[in-house]
Every structure is written in structure tokens, then in C-alpha cells.
Amino acid sequence: MGDSSAKVELGGKASEYKILSGSVGPDVIDIRKLYGNTGAFTYDPGFTSTASCESKITFIDGDQGVLLHRGYPIDQLAEQSNFMELSYLLLNGELPSKAELEKFSGTITRHTMVHEQLAQFYRGFRRDAHPMAVMCGVVGALSAFYHDSTDIADPHQRLVASHRLIAKIPTIAAMAYKYSVGQPFVYPKNNLSYTGNFLNMTFSVPAEEYEIDPVVEAAMDKIFILHADHEQNASTSTVRLAGSSGANPFACIAAGIACLWGPAHGGANEAALNMLREIGHIDRIPEYIARAKNKDDPFRLMGFGHRVYKNYDPRAKVLGKAATEVLAKLGKNDPILDVARKLEEIALTDPYFVEKKLYPNVDFYSGVILSAIGFPTTMFTVLFALARTVGWVAQWNEMIADPEQKIGRPRQLYTGHTQRDYVPLTQR
Ligand code: ACO
């Protein structure tokens, strides 16, 4: 922008607003005094032009298709790091030393069990309940079990709550799965990795030994890395908004899970795989492309388009490659991968998608991998929630520690009735 201030002229009165520059990315106009100076609000439904906070965690350049966590590109993290190390990075700002990583992993491992009484919550749900409904309820209930880490004014309690959330979410997610298939819950095992332990809790049964396939473990860990954080998306903003009132962290993460569930957000991975299955064969792709372009048809190509990326989602790039590798290594030949590849090829050359800059997003290929691993589609968003918990926790901590933090309270453009007198029921 180059300028150091922006001028607003309203009702013949001029006022000036500072331009703030981040380390990278667009400048922002600091309009905090706008209402005081002019008596006017800004109107920005969907926050398309509004920075709601200052953050040092994640940076996205949607035009270039860049995603950085604490400065490190997502493709490097996905290829060279692991989910525990990334979690440390998101929470603490720097990559850990070997000793720091061991200590952190050890702490997380020792918090993976959940209170035995929590298991009773599951029995209150119908067996066919969507696991995301179970997740909203059970994670929200954590605050009723861990009173000793709900005082957000105490940094130690905040740390313990953060560790508990990251550690217990795989246990809670695996239990949601086990409940839905009518199998007994499996306790965590401390000798396994974070991701290996989750797979064991999900797929092992007491009747026989379960061996964790290293290919599956590596693919799952990569999926967790790719979903760990994505700056101020809808669910993260929900967590921050809930937390801004001083709500405890367990309640805030439950709010984030509820928001993530929607098909325009985390629920899209489930919707994307269902769509690929519905298309079923490459011959039917033109029909679905035509529907996606038809203004009178509400159908959208799920797993395509993004509020921020107007270029290829860098996470989809990593996952597209991983999908081919994982299916080959597992010896699975799922025709929906061919449908996905062809659909991508056609959409990327179709003028409608090119002009609107609609590219595959993270959800487009993740379902193909998750399905090959053996997860039902209803678990896809649960896995997203599991991975995103660390991002939510990091963002929540950053917000609580921010001296500029205030309760989040947007204003509105009111277009309802002006004041009128109440009419008693007998006169209506
Ligand atoms: N298929 C067909 N057309 C689309 C699609 C799509 N997937 N996405 C956007 N468009 C069109 C819209 O119809 C609109 O066209 P118009 O300008 O002629 O009215 C234009 O592209 C812009 O779309 P908006 O909905 O205004 O863009 P917005 O930024 O609000 O939406 C969103 C982004 C919600 C992700 C949208 O692209 C979508 O619904 N995609 C499918 C669902 C999906 O995959 N969600 C996952 C997002 S990633 C995540 O949460 C991890």
C-alpha cells in the first residue's frame, strides 16, 4: 500500500486511520476508532475484508497457494516432520530440540486416557448417531471432568488443558467410532506413537492382535499435519469468539467442533467422497460439471473452491500425490481415484472453474485416502477435528495471552422494524 494512513470522509468530517503492516501479507487499516470518529460501522458479512486478530501462527497467501506454519511451508512439514513435532511448533513457535520433543510427546502420551465415567456419555447416544454429534457432546463434557484446568487466568492450568485436549481427542474420536460399530472401547497404549495409538484404538479388537501398517500410520500422520491449522477459518474464529468471553477451553473446542461439522467447512470431506461415489464413473463427470455450473441447481462440486485459495490449495497438492502412493502401497484400486483425477482435469480446464479460480481444496483427496485406510465417511470430519484441535488450542492460547484481546462483539446493519407498540393477543 505504501501509505501510512487511510482517510475517511463522512458527513463532511475527515478522519484518519493508521495502516498496520504484518511481516508478510496485505496491510490492514486499523479502524478501531472509526465508530467513535464517524458514528458509522463497517459492513463485512463473512469477514471477507476483516482481520479479526493479530497472529503469529499461520500465514496463507491464497493467490500464490502458500501455507506456512510459524514460517515453515506446509509441503516441507508434511514430507519431513511429524504431527507431534508440528503440534509443538504450533504451540511454542519454534521447532523442538530432540529433548524438547521427547518431553512434549511424553506429556501428551501420559494424558491420553479419559475419565472412566466419560464412557457412560457414549451410551446415552443412539447407536446410529453421527460421530460428530458425539464429539460435540463428549468434548463439551470434558469441562465437567477436569475442573483443575478450567481457570483460564492461570497459565499452568491453560497448559494442562491444552495438553489434555491434544492428548484426549484421539481417544474420544476412536471411542466415537467404536460406539458406532458396536465394538468395545480400546484403551490407549503408551508405547505407540500419537497416530499409531489412534489407529490401534480405532481398529484393534480384543479378539486378535492388530498390527499397525507403517504405510497407513505415515499417511494418517500426514493427513493430521495437513489439517492441523489454517489461520482464522470459521471453526478457529468460533473457538476464538467463544474463548473471548472467558469460556473454558473444553467448551471453546466443542464450539469449534460444532462449526467444523458444516458441509461448507470440515464436513466437505465427507460430502466430497459421497459425491465421487455418486458420480461413480468418469463417463458421468460431464453431467455433474454441468450441474455445478447451473445457477438454478444448488449442487456444488464438493472439495472445490475456497474462500482464501484462489490457486491450488497446497494441502490438496500433497494429498493428491499421497492418494496415489497410499492406494498403490495398500494394493487397492479404487475407481473413485480415477473419477477424482478426471474430474480435477476437466474442472481445471473448464472456463467456469478457471474464471472463478476454483481449484481442488484439502477435502478433495483426503476422503480417498481415508476410505482406503478403512474409515467410514461419517468419521472423516471427526479426523479433521482431531487434527485441528492443536490449531484451535494454539490459537486460543495466543488469544488469551494477547493484551489487545477483548470480547468479540460484531455490530450489525439493522433493517428490521423501527420502534412500535405492543398489540395484545386479543386485538391481533
Ligand atoms: N462448485 C461450483 N461452483 C462454485 C463452487 C463449487 N464448489 N465454489 C464456488 N462456486 C462458485 C459460486 O457459485 C460463486 O459463483 P457466482 O460468483 O457466479 O455466484 C463463486 O464460485 C464464488 O463462490 P462463493 O460461494 O461466493 O465463495 P466463498 O468464498 O463464499 O465459498 C466455499 C467458499 C464455501 C468453500 C465454496 O467454494 C464451496 O461451497 N465449496 C464446496 C464445499 C467445500 O469443498 N468446502 C471445503 C472448504 S475447505 C475447508 O473447509 C477445509
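1. Among the 20 residues around the ligand, those that come nearest are Lys295, Leu301, Gly303, Arg307 and Lys356, where a residue is near a molecule if one of its heavy atoms lies within 4 Å of it. The shell around the ligand divides into 10 nonpolar, five polar and five charged residues; here Ala, Val, Leu, Ile, Met, Phe, Trp, Tyr, Cys and Pro count as nonpolar, Asp, Glu, Lys and Arg as charged, and the others, Gly among them, as polar.

2. A word on the basis of this note: the model is predicted, local features need pLDDT of at least 70, side-chain atom pairs count only at pLDDT 80 or more, and totals for chains, interfaces and linings use all residues. Residues are numbered from 1 along each chain as its sequence is written, and side-chain values use heavy atoms, with hydrogens and water left out.

3. Which residues offer polar atoms to the ligand? A backbone N or O atom of Gly303 lies 2.8 Å from an oxygen atom of the ligand, a polar backbone atom of Phe304 is 2.9 Å from a ligand nitrogen, and a polar side-chain atom of Asn361 is 2.9 Å from an oxygen atom of the ligand. The ligand has 920 Å² of accessible area on its own, and the protein covers 74% of this, as computed by the Shrake-Rupley method with a 1.4 Å probe; for residues, only the protein chains shown count as cover.

4. Leu301, one of the residues that come nearest to the ligand, is placed in the loop between helix 13 (285-293) and helix 14 (314-329); helices (H or I, at least four residues) and strands (E, at least two) are DSSP runs, numbered from the N terminus. Leu301 counts as buried because its relative accessibility is 5%, given that buried means under 20% relative accessible area, exposed over 50%, and partly exposed in between (1.4 Å probe, protein chains only). Not counting residues up to four places away in sequence, Leu301 touches Met275, Ile289, Ala292, Leu343, Ala347 and Phe353, a contact being heavy atoms within 4.5 Å.

5. UniProt, in an unreviewed entry, places the feature "active site" at His306 and Asp363; its positions are given in the numbering used here, feature names are shortened, and annotations may be inferred rather than shown by experiment. Although these two positions are spread over 58 residues of sequence, they cluster in space, with a largest C-alpha distance of 10.5 Å.

6. Are His306 and Asp363 buried or partly exposed? His306, found in the loop between helix 13 and helix 14, is partly exposed because its relative accessible area is 22%, whereas Asp363, in helix 17 (residues 363-373), counts as buried because its relative accessibility is 5%. Leaving aside residues within four places in sequence, His306 touches His230, Arg315 and Asn361, while the contacts of Asp363 include His227, His265, Asn269 and Gly303. A polar side-chain atom of His306 also lies 3.2 Å from the backbone nitrogen of Tyr309; a polar contact is a pair of N or O atoms within 3.5 Å, and within protein one must be able to donate a hydrogen and the other to accept it, while residues adjacent in sequence count only if both atoms are side-chain atoms.

7. Two backbone angles deserve a check. Arg70, in the loop between strand 5 (66-69) and strand 6 (72-73), has a positive phi of about 50° although it is not a glycine. Lys357, in the loop between helix 16 (351-355) and helix 17, has a positive phi near 55° and is likewise not a glycine.
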